[in-house]
Amino acid sequence: MSTEDILIRLFLIVDPAMPDVKKRPDARLYPSEVITIGLMFALKGGKYRPFYRWLAANLGTWFPRLPEQSRLLRLLRDYSHYTERFLKDPSFFTVIDTFGIELIHPRREGRSHNQLGKKGLSNGRWIVGIKVAWLVNDTGEVVDWNWDTANEPDNLFRETATRYDGITITLSDLGFRKQGAPQQNLKFCDKGTWNERYQVESDFSFVEGVCHSKKLYHREEQHLEARLGYLAALINVLLIITGGVFSFTEFVL
């Protein structure tokens, strides 16, 4: 699928979901265009500056009034809360798990007073970064998400699942247990049981392999949170395009 086709398909899902969000008189882009660019950024992966050059060179004719580089970055941050519109409803069974994202190399830890991430284990290796928790339904759509620094335990994200107590039963690994805390709607699963939990691993595999988001380069919390919001929305929008089929081989930029 060509880059233009991917852009059009994303926009055709985003624009109808934002009929009440009006364009400012002095704005160069409609809000739905900003969200579409944010989804393209999440899909393309990598650093923002190379993405902006790629966007201007390959899709400049589709955005003839594209704002300058820093202005567009602020727009992506300011409009990122609209990605919540693309989160989906929980199913009877949902799955929660965490995904480590590296922000800086461990050797650079502590060099900056404004360091955003912290050192923690992810997939058996040390990273300095963050940990993202996704709650997904039985088709792999993201229902809710949260993030914190990589040194925090998985059970810190229990509330992401327990806020849906009475609505869904959430499958999780044993890392979400917390001494003295009620189990509520969480079902703790031993390793090798309840293979339905692999649905969230498919999501994380896409985020790492296609979106190249195992490492991010943001240094400001607001921009990082915006990027995570676009990633979660991207999964759901692509599943709408494919009719719920988890096959994104055509959506590679």
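**Pockets, cavities and a surface patch**

Phe92 sits in the loop between α4 (69–78) and β1. The model is a predicted one.

Q: Why is Phe92 called exposed?
A: Its relative accessible area is 57%. Exposed means over 50%. Phe92 is therefore exposed, because 57% is over that cut-off.

Q: What makes the nonpolar surface patch?
A: Phe92, Phe93, Ile169 and Trp194 make it, with an area of about 370 Å². Phe, Ile and Trp are among the nonpolar side chains that are joined within 5 Å. Patch residues also need over 30% relative accessible area. Phe92, at 57%, therefore passes that bar.

Q: How do you know where the centre of the largest pocket lies, and which residues lie nearest?
A: Thr98, Phe99, Gly100, Ser122 and Asn123 lie nearest the centre. The lining has 18 residues. The volume of this pocket is about 310 Å³.

Q: Which elements each supply at least two residues of the lining of the largest pocket?
A: Three strands and a helix do: β1 (93–104), β2 (118–122), β3 (125–136) and α6 (198–209).

Q: What is the make-up of the lining of the largest pocket, by class?
A: Five residues are nonpolar, six polar and seven charged. Gly counts as polar, so Gly100 falls in the polar class.

Q: How many cavities of 30 Å³ or more are there?
A: There are two. The largest cavity holds about 70 Å³ of space. The second largest has a volume of about 60 Å³. A cavity is a space where a 1.4 Å probe fits but cannot get out, whereas a pocket is open.

Q: What lines the largest cavity?
A: Phe41, Leu73, Leu76, Arg77, His218, His223, Ala226, Arg227 and Tyr230 do. Two elements, α4 and α7 (221–241), give two or more residues to this lining. The most come from α7, with four residues.

Q: Why does the lining of the largest cavity count two charged residues?
A: Arg counts as charged, so Arg77 and Arg227 belong to that class. The rest of the tally is five nonpolar and two polar residues.

Q: What makes the lining of the second largest cavity nonpolar?
A: Phe99, Ile101, Val132, Trp134, Trp145, Phe204, Val207, Leu228 and Leu231 line it. β1, β3, α6 and α7 each give two or more residues to this lining. Phe, Ile, Val, Trp and Leu count as nonpolar, so the lining has nine nonpolar, no polar and no charged residues.

How values were computed
Residues are numbered from 1 along each chain as its sequence is written. This is a predicted model: local features need pLDDT of at least 70, side-chain atom pairs count only at pLDDT 80 or more; totals for chains, interfaces and linings use all residues. Side-chain values use heavy atoms; hydrogens and water are left out. On a 1 Å grid over the protein atoms alone, a cavity is a set of points where a 1.4 Å probe fits but cannot get out, and a pocket is an open set with protein on both sides within 12 Å along at least five of seven lines; lining residues have an atom within 4 Å of a point. Grid points are joined across faces, edges and corners, and a volume is the space filled by probe spheres set on the points. Patches are made of residues with over 30% relative accessible area and no salt bridge: like charges are joined within 9 Å, nonpolar side chains (Val, Leu, Ile, Met, Phe, Trp, Tyr) within 5 Å. Accessible areas come from the Shrake-Rupley method with a 1.4 Å probe; for residues, only the protein chains shown count as cover. A salt bridge is a side-chain nitrogen of Lys or Arg within 4 Å of a carboxyl oxygen of Asp or Glu. Buried means under 20% relative accessible area, exposed over 50%, partly exposed in between (1.4 Å probe, protein chains only).
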